[in-house]
Amino acid sequence: MKKSHLILIISWIIVLFLLLGVFLSRPSETESILRLKTHFVNICKKEQESYQRLLCLKPFFKEITTKQSTTRAMTEAKSLQDEGVIDDCHMAAHFIGEDTFNSYHQDPGKAFSSCSMGCIEGCYHGVMEAYISKSKSLR
């Protein structure tokens, strides 16, 4: 094997190891969501009134819905309810439905197909609220 080929192979191996190191050092989606969740919960738990706490968490749900998925956002809403951070995940699911509707370019069919059962079907309600508020023919 020529010396130039050997140098090229070694260079590629080094590049692959560097790329692998960068990939492995990145936080997983779960770790990122957990950090974001912890951040918002620490800020929003100071809100005494339940609805104000939900409003404070609204950007968290939007971030998860738009950057991850509607299903993941619904899972987080249920988790916050189970942990006692929010009293009821229904209104949080409304927020998730609204964000889902907007992320699908205001297509209610696609948004509905992304919603999941749970939280007293609040995601579907949020999609419909967003659709009605955007629809000129329904005003």
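A salt bridge is a side-chain nitrogen of Lys or Arg within 4 Å of a carboxyl oxygen of Asp or Glu. By this rule, five salt bridges are counted. The model is predicted, with local features needing pLDDT of at least 70 and side-chain atom pairs counting only at pLDDT 80 or more, whereas totals for chains, interfaces and linings use all residues. Residues are numbered from 1 along each chain as its sequence is written, and side-chain values use heavy atoms, with hydrogens and water left out.

**View 1. Lys37 forms a salt bridge with Glu83.** The closest N and O atoms are 3.0 Å apart. Lys37 belongs to helix 2, while Glu83 sits in the loop between helix 4 and helix 5 (90-103), 46 residues apart. Helices (H or I, at least four residues) are DSSP runs numbered from the N terminus. Lys37 is buried, at 9% relative accessible area, because buried means under 20% (1.4 Å probe, protein chains only). Glu83 has 49%, so it is partly exposed, the class between buried and exposed (over 50%).

**View 2. Lys37 also forms a salt bridge with Glu76.** Here the closest N and O atoms are 3.3 Å apart. The pair links distant parts of the chain: helix 2 (residues 29-44) holds Lys37 and helix 4 (residues 70-82) holds Glu76, 39 residues apart. Both Lys37 and Glu76 are buried.

**View 3. Glu63 and Lys67 form a salt bridge within helix 3.** Their closest N and O atoms are 3.3 Å apart. Both residues lie in helix 3 (residues 50-67), four residues apart, or about one turn of the helix. Glu63 is partly exposed at 33% relative accessibility, whereas Lys67 is exposed at 58%.

**View 4. Salt bridges that share partners make one network.** The network joins Lys37, Arg72, Glu76 and Glu83.

Note on methods. Helices (H or I, at least four residues) and strands (E, at least two) are DSSP runs, numbered from the N terminus.
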